[in-house]
Amino acid sequence: MEGLGILVGIGLVSAGVYAWLRVRKQVRIFSMALFGTSSLREGLEHQADILAETPKSVSGMTRLCLPRIEEDFPEFHWAQWKQRCENMLRGYLEALEYQDLSRLEQRGAVPGAGEERQRGRSGPGAAETGGGISEELRGQTEFRIREQQSRGVRERFRQVKIHQTEISRYQKEAGLCVIKLQSAVEYYYEEIRESQEGDGGEEAHVEKSPGSRLGRKRGNQKGSQQEKPGPLRQQNRYNMELVYVQDMTKAGDYATAVGATCPNCGAPITRLGSKFCEYCGTGVTPIDIRVWKLHRIEKE
């Protein structure tokens, strides 16, 4: 009986080894057919590198939408607004990286906008010179910064490259017009946990998104080094919205694009020339309509 048990054990081990070899062979065949390499791991890593080097495609409807926009706003110059929006997108990423809202506000500042408003320009002609960022976008950026701070991390976006920006949609609604944009953006990304007392002053990398890694050796403890992942090269697609409010009473959710609420108590500002909140008396920036403002930035 003992000899029979040994034979059965040997048979089971042999069957297991045979099955493992069969599976391994099939995996190699599959990897070779799919990636051109016998190692599935190498094939997947190579594929990840290719994806990290290939810019995202964007919904390019500029040729169809731009004639309609220029018909409604004759002084709208797409080349200028494209550059402006790309600058504000860079400012948004800088604001997140440095946890400093002024980075976005500086990028969103439009030279000469105040002078044009003082001259009394209004209507489509003012749409080209005025503008900037909306209260909604400011709030969105502040929320992201506070969320980072609450988790004790800092995001880094290095070597930012915007490959392409196109108009994806133009829609006219009651009281406002919206131009939706898409940008293909490349950068090296890493999420770093801010150093705390007792950790030797080292920064811990907490990367969560897929991409191409740049490995680097960094000291972890005295007399030792270990391989730590570096920044992740990523290709992403960002959606943006340019909003032009013609009638604030009909703007609905887009009313925040013109700063239609009190920054202190949140009460609505109903008068265009108001300099103080009617409810709490806090000083407010006069509502500015009939100018284009960047209302939202979102990563897909």
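The expected span of a helix is 1.5 Å times one less than its number of residues. This relation is applied in the second legend below to a helix of the predicted model.

**Figure 1. Overview of the protein chain in the predicted model.** The secondary structure of the chain amounts to eight helices and nine strands. The chain has 300 residues, of which 39% count as buried. Where contacts link residues at least 6 apart in sequence, 65% of them join residues at least 24 apart. The exposed area of the chain is about 17,500 Å², and carbon and sulfur atoms supply 50% of this area.

**Figure 2. Length and buried face of helix 8 (residues 135-151).** Helix 8 comprises 17 residues, so at 1.5 Å a residue it should span 24 Å; the distance of 25 Å between its end C-alpha atoms agrees with this expectation. Leu137, Gln140, Thr141, Ile145 and Gln148 are the buried residues shown in helix 8. Viewed down the helix axis, the buried residues of helix 8 fall within an arc of 130° and therefore line one face. Phe143 and Ser150, on the other side of helix 8, are exposed. The cover over the buried residues of helix 8 includes helix 4 (78-98), helix 5 (102-108), strand 1 (132-133), strand 2 (153-173) and strand 9 (292-299).

**Figure 3. The two ends of helix 8, and Glu142 within this helix.** At the start of helix 8, a side-chain oxygen of Ser134 comes to within 3.3 Å of the backbone nitrogen of Glu136. Just after helix 8, Gly152 adopts a positive phi of about 70°. Glu142, a residue of helix 8, has a relative accessible area of 34% and is therefore partly exposed. In sequence, Glu142 and Leu101 are 41 residues apart, while their C-alpha atoms are 6.8 Å apart in space.

**Figure 4. Buried and exposed sides of helix 3.** The buried residues shown in helix 3 are Thr62, Cys65, Leu66 and Ile69. Around the helix axis they cover an arc of only 105°, which places them on the same side of helix 3. These buried residues pack against helix 4, strand 2 and strand 3. The face turned away from the buried side of helix 3 carries Arg63, Leu64 and Glu71, which are exposed.

**Figure 5. The largest nonpolar core.** Nonpolar side chains in soluble globular proteins tend to be buried together. The largest nonpolar core here contains 36 residues, and Phe76, Ile179 and Trp292 touch the most other members. At least two residues of this core come from each of helix 3 (62-72), helix 4, helix 8, strand 2, strand 3 (176-193), strand 8 and strand 9. Helix 4 supplies the largest share of the core, with nine residues.

**Figure 6. Surroundings of Asn236 in strand 8 (residues 232-245).** The relative accessibility of Asn236 is 9%; buried means under 20% relative accessible area, and Asn236 therefore counts as buried. A polar contact of 3.0 Å joins the side chain of Asn236 to the side chain of Tyr187. Leaving aside residues up to four places away in sequence, Asn236 touches Lys56, Ser183, Ala184, Val185, Tyr187 and Lys299. Tyr187 thus appears both in this list of touching residues and as the partner in the side-chain polar contact of Asn236.

Conventions: Residues numbered from 1 in each chain as written. Predicted model: local features only at pLDDT ≥ 70, side-chain atom pairs only at ≥ 80, totals over all residues. Heavy atoms only, no water. Helix = DSSP H or I, 4+ residues; strand = E, 2+ residues; numbered from the N terminus. Buried < 20%, exposed > 50% of the residue type's maximum accessible area, 1.4 Å probe, protein only. Arc of directions from axis to C-beta. Contact = heavy atoms within 4.5 Å. Polar contact = N/O pair within 3.5 Å; in protein donor to acceptor, adjacent residues only side chain to side chain. Areas by Shrake-Rupley, 256 points an atom, 1.4 Å probe, with all protein chains shown as cover. Core = buried A, V, L, I, M, F, W, Y, C linked by side-chain atoms within 4.5 Å.
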